[in-house]
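Got your viewer open? Load the model and follow along; each stop tells you what to select and what you'll find there.

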Amino acid sequence: MRFDIITLFPELFAPLLTGGITRRAYETGLVEVHFWNPRDHAEGNYRRVDDRSFGGGPGMVMLAEPLFKCLAAVRAARQEVIPAPLVLFSPIGTKLNHAVVEQWSGSAGAVLLCGRYEGLDQRFIDHHVDQQISLGDFVLSGGEIAAMAMLDAVARLQPGVLNDEGSHRLDSFNPALHGLLDSPHFTRPEVWQGHAVPAELLSGHHAQIARWRREQSLRLTAAQRPDLLVQARLSGYLSRQDEAFLMQISLDPPAADGGAGSKKL
């Protein structure tokens, strides 16, 4: 899998590629990352990559020609029979979610374009961008953070990157959880500042533990992301036992500590 990143600030990616558990994906070549700077393809002494917007207004707009030449260099280096998609990180794009990440994790990669300033000349977008992706309903100073988020999410799904091969399968939004949020997690000590680990997790009873985790996943999703619960219901993922639990918690008053069932001693 190969990602070519078009960015004016390639140095921003250094910590991502050299730190944390996902660095394994880059060090082993599971995920190849190459950087391309449009400024290297700009003309003039100042290597200008932006200019004022026609019609006026604040900010500058990235020029189409340096981007075009940079993309041409990327295409030549990749030597693909079928060109990899050019992805632009933009507020108008499709939101990056688990399903999108899974699709990219099984792909051959892409060319990722990180915009800056007020954006790109629309003519370049219209004729060369294949897909636009957004992190959410807010604006960043550039596409680099969005590109890093996508790379990290894709890299951790590659075989051999995580210590526990199947750990990501129980992440929030994963099909194994029917798209719901993950349940809370606890570790040693069993009692911390007067708060105990839920007894179910200490029982050693695997079915009881699994049911507790399912119910906490349902509880958390109902409270924080009810839209995910609606989708799971429409997809037929909720059992009668799930529905009975959801009915129960809708009738129960909220817990005094707002927690996931832990008790203070």
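Select helix α9, residues 226-234, in this predicted model, and bring up its neighbours: the buried residues of α9 pack against α8 (206-224) and α10 (240-251). The buried ones to pick out are L228, L229 and A232. Now look straight down the helix axis. The buried residues of α9 sit within an arc of 100 degrees, so they line one face of the helix. Before moving on, click on G236, which follows α9 and has a positive phi, near 75 degrees.

Next, jump to strand β1, residues 2-6. Is it enclosed or open? Here 5 of the 5 residues are buried, so β1 is largely enclosed by the rest of the structure. Turn on its side chains: R2, D4 and I6 point one way, while F3 and I5 point the other way, and all of them are buried.

Keep β1 in view and add the strands it pairs with. Strand β2 (residues 32-36) runs parallel to β1, joined by 5 bridges; to find your place in that pairing, look for D4 opposite H34. Then show strand β6 (residues 109-113), which also pairs with β1 in the parallel sense, over 5 bridges. The landmark in this pairing is I6, whose bridge partner in β6 is L113.

Now for the largest nonpolar core. It has 29 residues, and the ones touching the most other members are L112, M150 and L151. Colour the elements that give two or more residues to this core: β1, α1 (14-18), α2 (23-27), β5 (86-95), α4 (98-105), β6 and α6 (144-155). Which of them gives the largest share? That is α6, with 8 residues.

Centre on M150 and show its contacts. Leaving out residues up to four places away in sequence, M150 touches F3, F89, L96, W104, L112 and I133. You've met F3 already, on β1. There is also a second, separate core to select: 19 residues, among them L67, C70, A84 and I125.

Last stop: S105, in helix α4. Buried or exposed? The relative accessibility of S105 is 16%, so it counts as buried, the cut-off being under 20%. To see what surrounds S105, show M1, V154, L157 and Q158, its contacts once neighbours within four places in sequence are set aside.

Conventions: Residues are numbered from 1 along each chain as its sequence is written. This is a predicted model: local features need pLDDT of at least 70, side-chain atom pairs count only at pLDDT 80 or more; totals for chains, interfaces and linings use all residues. Side-chain values use heavy atoms; hydrogens and water are left out. Buried means under 20% relative accessible area, exposed over 50%, partly exposed in between (1.4 Å probe, protein chains only). Helices (H or I, at least four residues) and strands (E, at least two) are DSSP runs, numbered from the N terminus. Two strands pair if DSSP finds at least two bridges between them. The arc is that of the directions from the helix axis to the C-beta atoms. Contact means heavy atoms within 4.5 Å. A nonpolar core is a set of buried Ala, Val, Leu, Ile, Met, Phe, Trp, Tyr and Cys residues joined through side-chain atoms within 4.5 Å.
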